[in-house]
Structures are given as C-alpha cells and as structure tokens.
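Please open the model in your viewer and keep the sequence panel beside it, since each stop on this tour begins with a selection to make.

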Amino acid sequence: MDFSLSAEQRRLQREIAAFARGELNADAAERDRAQLFPRELWLRCGELRLQGLMIPEIYGGGGLDAVSSTLALEALGHGCEDGGLSFSICAHLLACVVPIWKHGTEEQKRRYLPGMTKGSLIAANAMSEPASGSDAFALTTRAESRESGYVLNGTKTFCSNGPVADVIVTYAATDPAKAYHGGITAFIVPRDTDGLRTGRPFHKLGLRSSQMSEVVFENAWVPADAVLGGVGGGSSVFAQSMDWERACLGAVHIGTMQRLLDLVVTRARTRRPSGEPVGKQQGVSHPVADMKVRLEAARLLVYRAASRLDTARDISMDAAIAKLFVSEALVATAQDAVRVFGADAAIEGHAAERALRDAIASTLYSGTSEIQRNIIARWLGL
Amino acid sequence: MESAAESDIRGSIKDYILAEFLPGENPDSLSDDTPLITGGILDSIATVKLIVFLEESFGVRIEPHEMNADFLNFLPDIASLVEERRRQA
C-alpha cells in the first residue's frame with residue numbers, strides 16, 4: 001500500500017494544523033479545568049467544514065475521501081491542544097453525521113446535514129445504556145409504533161455532546177425479540193422533542209471540554225420520518241458508524257501522539273541539568289524512541305483502515321485492530337511524555353498531564369480494548 | 001421449486017457455515033430446517049461475516065434491513081435471497 005501524500009493532502013494538513021494551533025489553543029487548559037464547551041471555536045471549526053469533512057459538498061460538507069478526511073483529523077489532533085474539542089467534533093461527525101449521510105433519506109440529508117457540517121447544529125449519539133454496557137445491542141430503550149410515528153421510552157448514558165446537542169441520533173428496540181437481527185431501529189430526534197431531556201454534564205477524568213450526559217426519553221413521540229436507515233436497520237447503521245469512528249478517531253490520536261513526540265524531543269534536546277541534553281541519556285532517549293515506533297505503527301494501521309472505508313463492505317476487524325492498537329499506544333505515549341517531563345507534568349494543566357488524562361478514555365469509548373479483542377478473535381473464527 | 005443454481009448456492013453457503021461457525025460438527029447437524037439466527041449459530045459478527053461471504057462470493061448486495069431472521073434464518077431462505085439478487089443484477 002502506498003500512503004505517500006499528494007500535494008493537496010499535504011496542503012490540507014498544513015492548513016488545518018496551522019488553524020488549530022493559531023485559533024483553538026488559547027485557554028485550552030482553562031476550558032479543561034472549568035469543563036467548558038467552546039461553542040465559538042466549534043463554529044470556527046465549522047467554517048472549515050471539520051464537522052463534515054467527508055460529506056458531499058451538496059450537503060455542505062468538504063467532499064473529501066476517507067483517507068483525506070483521516071489526514072485532516074490527524075492534523076487537527078496535531079495542532080489542537082484541546083482534546084475535548086477534537087473529541088466532540090469526532091463524536092458529532094463519525095457517530096451522527098456519517099450515519100445520516102450513509103443511511104438517511106434525501107429529505108433527512110437536506111434537513112440536517114447542512115447545519116451539522118457547518119456546526120450550527122450539534123449532534124449527540126445516544127446508544128449506551130446504564131445496564132447494557134459494552135453489549136450495546138442489549139438495550140432496553142423501546143420505540144412503540146403509535147399515531148403515525150413512534151413513542152420512545154428509555155435512558156441513554158455516556159452521551160458525548162448530550163448537554164449541548166440540538167439533535168440526538170439514538171437507537172431503540174422496535175422488536176425486542178429480534179434484538180440485533182432486525183429488532184433495533186435508529187432515530188433522529190430533535191432536541192426540542194417533548195419528552196426528551198438531558199441530564200447534568202458528567203464530571204470527567206479527561207476530555208473535559210467535551211460535555212457528556214444522560215439522555216432520557218419519556219413518552220417522546222417522533223414522526224415516522226425520524227427513522228434512520230429503515231425500521232429494524234439500526235444494527236447496520238450503528239455498526240457502520242463504529243467502523244468510521246474506530247478508524248477515524250484514531251487519526252486524531254496519531255496527531256496527538258505526534259504533538260507529544262514533538263514536545264518531548266524538544267525537551268530532551270534542550271534541557272541540560274548536568275551540562276549535556278537529557279536526551280543523551282538512554283533513560284530518556286529510549287522511551288522517546290518507543291514513542292516514535294508506536295506513532296509510525298499506529299499511523300499505518302489508521303491509514304489502512306481508512307483506505308478501506310470507501311470501498312469495503314465491512315471493515316470491522318481492520319477498525320478494531322486500529323482502535324485497539326492506537327488507543328493503547330496513545331496511553332503509553334502520554335505516560336512516556338509525563339516521564340520525560342518529570343515533576344513538571346505532575347502539575348495540573350501541563351500539556352502532558354492533560355494529554356494523559358484525555359488518553360485514558362480512548363481505551364474505553366467506541367468499545368473497550370477487550371471488546372476490540374473480542375471482535376478480532378471472532379473474525380479469526382474463535 | 002428450488003432451481004439447480006439455488007441448490008448449488010445453498011450447498012456453498014452450508015459449506016461456509018459449517019467451516020466457519022460449526023467447526024468439527026457433524027455436517028448432518030446442519031439441515032435446511034436448522035434455525036441459524038434464532039438457534040444462536042449466527043450472532044452479530046457471524047451474521048456480518050456471512051453477509052461479506054455472500055456478497056463477495058456471489059456478487060450480490062444484501063441490504064441492512066435484510067440482516068434478520070426473515071431472510072437469513074434458514075439455508076433455503078438465504079439461497080433464495082441470493083438467487084433473487086443475482087437474477088435482478
């Protein structure tokens with residue numbers, strides 16, 4: 001596989017990284033501390049169509065192929081020190097915008113995508129439930145057919161963007177007996193729907209500027225045209241969105257790993273407590289070398305998975321491999337960065353400290369590392 | 001009545017399911033009446049693997065709303081779906 005970048009792709013990366021460094025980083029540590037979602041910066045990102053990179057231009061998106069979209073997200077991760085903002089963009093784009101693009105009716109695409117791609121509409125995915133955990137399809141939220149529509153009842157949790165969302169993409173059982181096989185349906189639910197409410201924002205370990213909450217449906221009626229991807233088609237809608245999320249969110253992570261490597265190399269070359277740079281000591285240089293190895297391996301896995309998104313019927317194993325490796329590499333890289341910076345990184349707000357807190361959740365969301373191993377093992381026939 | 005093509009398709013699908021999801025099982029344990037989804041042989045990932053096999057082997061497209069027991073629970077139903085799609089192509 002040839003992953004050499006075109007001049008256009010290199011230009012795209014330079015522009016997005018420069019934009020992120022120049023416009024998204026001021027007060028990032030303060031937003032993290034105060035757990036503030038930066039709506040104005042979100043809208044600035046929308047001007048660059050970061051919330052609609054791969055969506056066709058006719059719907060207001062950037063019209064990029066999957067690999068170019070991945071490169072753009074990598075540049076965002078490289079330039080942007082606000083991990084929560086990058087994560088919110090990905091949650092919106094990969095778990096909400098992409099499913100509507102891939103499975104929505106023409107009316108749904110024209111109604112939602114222009115606002116979602118430019119950022120004037122914020123979307124949240126509501127799938128996880130308090131009792132279902134990683135077995136996402138063991139959901140208890142119900143959608144009963146009534147009055148030319150559906151009545152939703154149930155509680156969703158860990159909904160990224162929930163407190164600030166204008167639109168919720170959610171999943172409910174329309175035929176509980178069928179479960180995964182035709183019993184789950186996806187819905188697009190506007191925020192102002194009667195019977196829909198969101199809980200208070202959770203206080204999180206990391207990614208704090210990305211707000212998260214419960215989403216509760218209490219006799220929330222939606223019209224039949226709120227169904228996304230056909231009645232009973234929710235499993236396919238969700239599975240495809242996970243393929244995109246697991247492959248492309250990893251792109252932000254490799255950008256973050258590159259940023260941490262840049263910081264650490266600079267530190268190792270310039271800090272001279274005993275006369276020579278600390279990077280001359282193997283206790284420092286070897287962890288830095290490991291960071292580089294993990295970065296390059298992760299980059300190849302993400303590019304390979306992304307290269308198949310536009311063409312393959314299913315990339316769930318490739319996406320699981322990339323997600324598993326990249327998320328664990330991100331945590332290890334952030335830990336190495338903390339080691340190299342030493343006590344400085346033990347102070348709240350330090351770039352490595354925030355990166356480590358942000359990294360922890362990457363092995364949990366979109367399916368834990370154990371779930372990714374389960375998927376890979378099942379594809380191997382185990 | 002099942003056509004010769006449909007019978008061949010059903011045989012290929014049966015061989016695939018035996019090899020992938022029922023390794024070591026007596027081939028006679030998988031009959032036309034064996035429920036694949038409601039009997040627990042095809043879970044979520046197994047269903048996706050079967051769909052990929054059908055699409056790549058027979059050049060057909062299986063739609064998301066067809067990934068359920070109405071279309072995939074029995075070998076003859078799967079073979080009929082594939083044959084129908086091939087005729088439409």
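## Salt bridges

Begin with the charged side chains of this predicted model, for which the count over all chains comes to 32 salt bridges. Select Glu23(A) and Arg44(A) as an opening example: the two form a salt bridge in which the closest N and O atoms are 2.7 Å apart. This pair links distant parts of the chain, with Glu23(A) in helix α1 (residues 7–23) of chain A and Arg44(A) in helix α3 (residues 39–47) of chain A, 21 residues apart. Glu23(A) counts as partly exposed, at 36% relative accessibility, and Arg44(A) is likewise partly exposed, with a relative accessible area of 24%.

Next, select Asp32(A) and Arg208(A), whose side chains meet in a salt bridge with an N to O distance of 3.9 Å. Here too the pair links distant parts of the chain, 176 residues apart: Asp32(A) belongs to helix α2 (residues 28–34) of chain A, whereas Arg208(A) sits in the loop between β6 (196–198) and β7 (212–223) of chain A. Are these two residues buried or exposed? Asp32(A) is buried, with a relative accessible area of 7%, and Arg208(A) also counts as buried, at 17%; both assignments follow because the cut-off for buried is under 20% relative accessible area.

Keep Arg208(A) selected and add Glu348(A), since the side chains of Glu348(A) and Arg208(A) also meet in a salt bridge, at 3.9 Å from N to O. Glu348(A) lies in the loop between α9 (316–341) and α10 of chain A, and the two partners are 140 residues apart. At 46% relative accessibility, Glu348(A) counts as partly exposed. To see the wider arrangement, extend the selection to Glu30(A), Asp32(A), Arg33(A), Arg208(A), Glu348(A), Glu353(A) and Arg357(A), which salt bridges with shared partners join into one network.

## The largest cavity

Now turn to enclosed space: a search of the whole structure finds four cavities of 30 Å³ or more, and about 200 Å³ of space lies in the largest cavity. Of the 18 residues that line this cavity, select Gly83(A), Leu207(A), Thr256(A), Arg259(A) and Asp358(A), the closest to its centre. Colouring chain A by helix will show where the lining comes from, as α5, α7 and α10 of chain A each supply at least two of the residues. By character, the lining of the largest cavity divides into nine nonpolar, five polar and four charged residues.

## A buried serine

Move on to Ser366(A), in the loop between α10 (351–360) and α11 (369–379) of chain A. With a relative accessible area of 12%, Ser366(A) is buried. Which residues is Ser366(A) in contact with, leaving aside its neighbours within four places in sequence? Select Met242(A), Glu245(A), Arg246(A), Leu249(A), Lys323(A) and Gln372(A), and you will have those contacts on display.

## Where chains A and B meet

Show both chains and colour them separately, so that the interface can be followed, with 12 residues of chain A in contact with 19 residues of chain B. Chain A and chain B bury about 1,500 Å² between them, of which 59% is on carbon and sulfur atoms. On the chain A side, select His181(A), Arg313(A) and Arg378(A), which supply 45% of the area that chain A buries against chain B, more than any other three residues. Three salt bridges are found across the interface of chain A and chain B. Zoom in on Arg378(A) and Asp43(B), whose side chains meet in a salt bridge at 2.4 Å from N to O.

## The second largest pocket

For the final stop, display the second largest pocket, which holds about 380 Å³ of space. Its lining comprises 21 residues, and Gln240(A), Ala312(A), Arg313(A), Asp314(A) and Arg61(B) are those nearest its centre. Select α5 (83–103) and α7 (234–270) of chain A together with α2 (44–58) of chain B, since each of these helices supplies at least two residues of the lining. Which helix gives the most to the lining of the second largest pocket? That helix is α7(A), with six residues. The lining residues of this pocket divide into 10 nonpolar, five polar and six charged.

Notes
Residues numbered from 1 in each chain as written. Chains lettered and ligands numbered in written order. Predicted model: local features only at pLDDT ≥ 70, side-chain atom pairs only at ≥ 80, totals over all residues. Heavy atoms only, no water. 1 Å grid on protein atoms, 1.4 Å probe; cavity = no way out; pocket = protein on both sides within 12 Å on 5 of 7 lines; lining within 4 Å. Points joined across faces, edges and corners; volume = space filled by probe spheres on them. Helix = DSSP H or I, 4+ residues; strand = E, 2+ residues; numbered from the N terminus. Nonpolar A, V, L, I, M, F, W, Y, C, P; charged D, E, K, R; others polar. Buried < 20%, exposed > 50% of the residue type's maximum accessible area, 1.4 Å probe, protein only. Contact = heavy atoms within 4.5 Å. Buried area = accessible area lost by both parts, 1.4 Å probe. Salt bridge = Lys/Arg side-chain N within 4 Å of Asp/Glu carboxyl O.
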